[in-house]
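Thanks for coming, everyone. I'll walk through one chain today, piece by piece. Please have the viewer open.

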Amino acid sequence: MTVAQPSAVEIGLMAGRAGYVLRANDRGAFTVASPTLYPHMWSWDAGFVALGIATVSVPRALNELRSLLSGQWATGMIPHILFHSPSDYFPGPERWRTQVAAARPAGVLTSGICQPPIHVIALSRILHDARRKGGADQELAEEFVRETFDSWLAWHSYLATARDPYSYGLVEIHHGWESGMDDSPRWDAAYANVRVGDMPPFVRADLAHVADPSQRPTDAEYATYLWLLEQKVHARYDDAVYRATGDFVMGDVLVSALLAAASDLLADMGEELGIGGGASGGVEQSRAIARRFRTGVLRSVNPETGLARDLDLRTGTWLDVESAAGFAPLLCGGDDALTRRQRDLLLGPRWCGHSRLRWPVVPSVSPASPAFREQTYWRGPQWPVLNWLMAWALNRSGEQEAANQLRLAGLSQLVDCDFAEYYQPVTGETLGSRDQSWTAAIALDFLAARRPAQRRPVRWLTSELPRITPTQRAADLAARPPRTRGPATTPEMPRIP
């Protein structure tokens, strides 16, 4: 895979245009995800936005994360949308109705679900930039880490407890939106089992902002998404109640891998700054979270394909889909041989090296998969943030050459300076929203060409996971409200075939 470096003129234009997009989408204390289609603050968008802004302004990058934390729930959850002003975006706060949740934050309107925990990864990049610059930037960043350490730990602990109550080592998601990959074929089998009930009518706003409706989920798919939202409302956003009554409960390998990686980085920062020490302190809590979820991701790998798999916690079924989430082990590490195998898969002919691709960057679904659809959202198009994640993971694993290949290819894809939400993988056409904040941020980070510290050696210790069926299972089941859907007992973790 060989891609030419963009010219000096192209690099200058890209840097200037990316900075312009982020300034135009800046609303003071936060950045909207895009100027029209997504006029609010999205959780994992904000993480990518912050690490891009850090190449220009460390203080502004820190403020982005500080604004996001203003919406954190009492449970520790960071919601996937913060609504700062009225708009025509749907579903808005009147549909989410989070006022029914006791844990919601005061004075901030939010959604009631979460997104992948990219934030501490972004914070580690910001701290890297600040230390490189030194002086006031370094002092400000280090103080921010001290100030917010417990908030990030609470966020990770929420995912490790409320969203993994049986210690499977996989973060449980209650909606495809929580995966960040809304309509991915990862969830087709699970969504097929959802039966939409009575709910308020709806009018979609997203289709007015794209040229071709086929780029977006269908109305039937959208109705399924909204039905799951209704189920969350009926459960009053109580995770245990939803787990007992909701239709969609999946163990997400990508979210789990990001949690493992972010928890290790949080522990690293805690050790460096003398925060959260002691046997029961935040550093050790973070290390334990990282170990558990790293192991959970690694044992989800299909030995035949070399890809990680999500787990349907309703049925106990592994979900074999050739989506980019299958490369979750690259993100969390723990098995050097698997890292090398996944590197070769990622750069090989079923993925980035596929002959049909305009740019050799990460597609959301393998072009060789029957589930591949060239221009439909997360069902095949290339998302610059996915390419960034894989490049970051390879770099951190010591695979600098492979990481740089993805970085250069990503820059070549973005040289048109449209900074689209996602890209048609065969023609290279821009799709979705234009002037997307996280795409502009990725361009700035790629242009900075920074090399993160390599991850520390870790081991795959399956024995570190508690028993799959927890000892408190009977008491937990007895305390649950009656089920209306799903299995009557906690599913056993299936064996790797």
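**A tour of the chain**

The chain's secondary structure comes to 17 helices and nine strands. Keep in mind that this is a predicted model. Of its 497 residues, 62% count as buried. Now look at contacts with a separation of 6 or more. Residues 24 or more positions apart account for 73% of those.

Sheets next. Start with the one made of four strands. It is an open sheet, in the order S4-S5-S6-S7, and the pairing is antiparallel. Which strands sit at the edges? They are S4, residues 171-173, and S7, residues 317-319, and each pairs on one side only. On average, neighbouring strands here are turned by 35° against each other, direction ignored.

Zoom in on one pair. S6 covers residues 310-312, and three bridges join S6 to S7 in the antiparallel sense. Leu311 has Trp318, in S7, as its bridge partner.

What packs on this sheet? Helix H10, residues 253-273. H10 touches S4, S6 and strand S5, which spans 250-252. The direction of H10 makes about 45° with that of S5.

There is another open sheet, with three strands. The order is S1-S2-S3, again with antiparallel pairing. Its edge strands are S1, at 41-42, and S3, at 109-110; each pairs on one side only. S2 takes in residues 81-83 and runs antiparallel to S3, with two bridges between them. Phe83 has Leu109 of S3 as its bridge partner.

Stay around there for one backbone detail. The peptide bond from Phe90 to Pro91 is cis, with omega near 0°. Where is Pro91? Pro91 lies in the loop between S2 and helix H4, and H4 is residues 93-96.

On to the core. The largest nonpolar core holds 148 residues. Seven of them touch the most other members: Phe48, Ile121, Trp152, Phe248, Leu346, Trp388 and Phe419. Which element gives this core its largest share? H10 does, with 13 residues.

Take Phe248 from that list. Set aside residues up to four places away in sequence. Phe248 then touches Ile173, His174, His175 and Gly176. Phe248 also touches Trp187, Ala190, Tyr191, Leu228 and Tyr242.

Now a helix pair. H2 is residues 43-53 and H16 is residues 437-448. Their axes come within 8 Å and cross at roughly 35°. The crossing of H2 past H16 is left-handed. From H2, the contact uses Trp44, Asp45, Phe48, Val49, Leu51 and Gly52. From H16, the contact uses Ser437, Trp438, Ala441, Ile442, Leu444 and Asp445. Phe48, by the way, was also on the core list.

Asp445 deserves a stop. Asp445 is in helix H16. Is Asp445 buried or exposed? Asp445 counts as buried, because its relative accessibility is 2% and the cut-off for buried is under 20%. What does its side chain contact? The side chain of Asp445 makes a polar contact with the side chain of Arg125, at 2.7 Å. Asp445 and Gly52 are 393 residues apart along the chain, yet their C-alpha atoms are separated by 5.2 Å.

Just ahead of H16 there is a loop that starts from strand S9, residues 430-431, and Asp435 lies in that loop. Asp435 is not a glycine, but its phi is positive, about 55°.

Last stop: the loop between H13, residues 336-347, and H14, residues 384-396. Ser364 has its place here. Ser364 has 0% relative accessibility, so Ser364 counts as buried. A polar atom of the Ser364 side chain lies 2.9 Å from the backbone nitrogen of Gly380. Leave aside neighbours within four places in sequence. Ser364 is then in contact with Ser323, Ala324, Tyr377, Trp378 and Arg379. Gly380, Pro381, Trp383 and Leu386 are in contact with Ser364 as well.

Tyr377, one of those contacts, lies in this loop between H13 and H14 too. What is the phi of Tyr377 near? It is near 40°, a positive value in a residue other than glycine. Tyr377 is buried too, because its relative accessible area is 6%.

That's the tour. Over to you.

Technical notes. Residues numbered from 1 in each chain as written. Predicted model: local features only at pLDDT ≥ 70, side-chain atom pairs only at ≥ 80, totals over all residues. Heavy atoms only, no water. Pairing = 2+ DSSP bridges. Axes fitted to C-alpha atoms, helices over the stretch in contact; angles between N-to-C directions. Contact = heavy atoms within 4.5 Å. Core = buried A, V, L, I, M, F, W, Y, C linked by side-chain atoms within 4.5 Å. Buried < 20%, exposed > 50% of the residue type's maximum accessible area, 1.4 Å probe, protein only. Polar contact = N/O pair within 3.5 Å; in protein donor to acceptor, adjacent residues only side chain to side chain. Left-handed = near helix turned anticlockwise from the far one by under 90°.
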